[in-house]
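Please work through the following exercises with the sequence and the model at hand. Each task is followed by a worked solution.

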Amino acid sequence: MSDMPQCPQCASEFTYHDGLQYVCPECAHEWTDAAPDAEDDAPVVRDANGNALADGDTVTVIKDLKVKGSSSVVKVGTKVKGIRLVDGDHDIDCKVEGIGPMKLKSAFVKKA
């Protein structure tokens, strides 16, 4: 018996290896042996301690943060609930109680 995988499209056992991919001679389907993972393509956002963050998490601010264009400050220990992860330098979109909507860097928060 052959140790080649069956064709995922027509289940033929007559597949062969051609360079970097497998080929089915019956239906002409071509595929690679490694299935692509959608999760591996997405960047993982991590907090200051290295924990992975997800949408809806609650985080705690670990450093006093000055609010740009205002005299207010987000104090150490402020809890921020229901974060959203976004692309960019400031990768957390949230609403800080008493200040309003703002973006934070994940390096200045820890998962609560």
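The exercises below concern one residue and then the pairing of strands in this predicted model.

**Exercise 1.** Determine whether serine 12 is buried or exposed, and describe its surroundings.

*Solution.*
Step 1. Locate the residue: serine 12 belongs to the segment that precedes strand S1 (16-18).
Step 2. Apply the cut-off: the relative accessible area of serine 12 is 4%, and buried means under 20%, so serine 12 is buried.
Step 3. List the contacts: when neighbours within four places in sequence are left aside, serine 12 touches Gln6, Cys7, Cys24 and Glu26.
Step 4. Examine the polar atoms: the side chains of serine 12 and glutamate 26 form a polar contact at 3.3 Å. A polar atom of the serine 12 side chain also lies 3.2 Å from the backbone nitrogen of phenylalanine 14.

**Exercise 2.** Describe how strands S9 and S10 pair and what joins them.

*Solution.*
Step 1. Establish the direction: S9 (residues 92-96) and S10 (residues 100-104) are antiparallel, with five bridges.
Step 2. Match one pair: leucine 104 in S10 is opposite isoleucine 92.
Step 3. Inspect the turn: three residues separate the two strands of this hairpin, and glycine 98 in the turn has a positive phi of about 90°.

**Exercise 3.** In which order do the strands of the three-stranded open sheet lie, and which are its edges?

*Solution.*
Step 1. Read the order: it is S7-S4-S11, with antiparallel pairing.
Step 2. Identify the edges: S7 (79-80) and S11 (109-111) each pair on one side only.
Step 3. Follow one pairing: S4 (residues 59-61) is joined to S11 by three bridges, and valine 59 has lysine 111 in S11 as its bridge partner.

Key
Residues numbered from 1 in each chain as written. Predicted model: local features only at pLDDT ≥ 70, side-chain atom pairs only at ≥ 80, totals over all residues. Heavy atoms only, no water. Helix = DSSP H or I, 4+ residues; strand = E, 2+ residues; numbered from the N terminus. Buried < 20%, exposed > 50% of the residue type's maximum accessible area, 1.4 Å probe, protein only. Polar contact = N/O pair within 3.5 Å; in protein donor to acceptor, adjacent residues only side chain to side chain. Contact = heavy atoms within 4.5 Å. Pairing = 2+ DSSP bridges.
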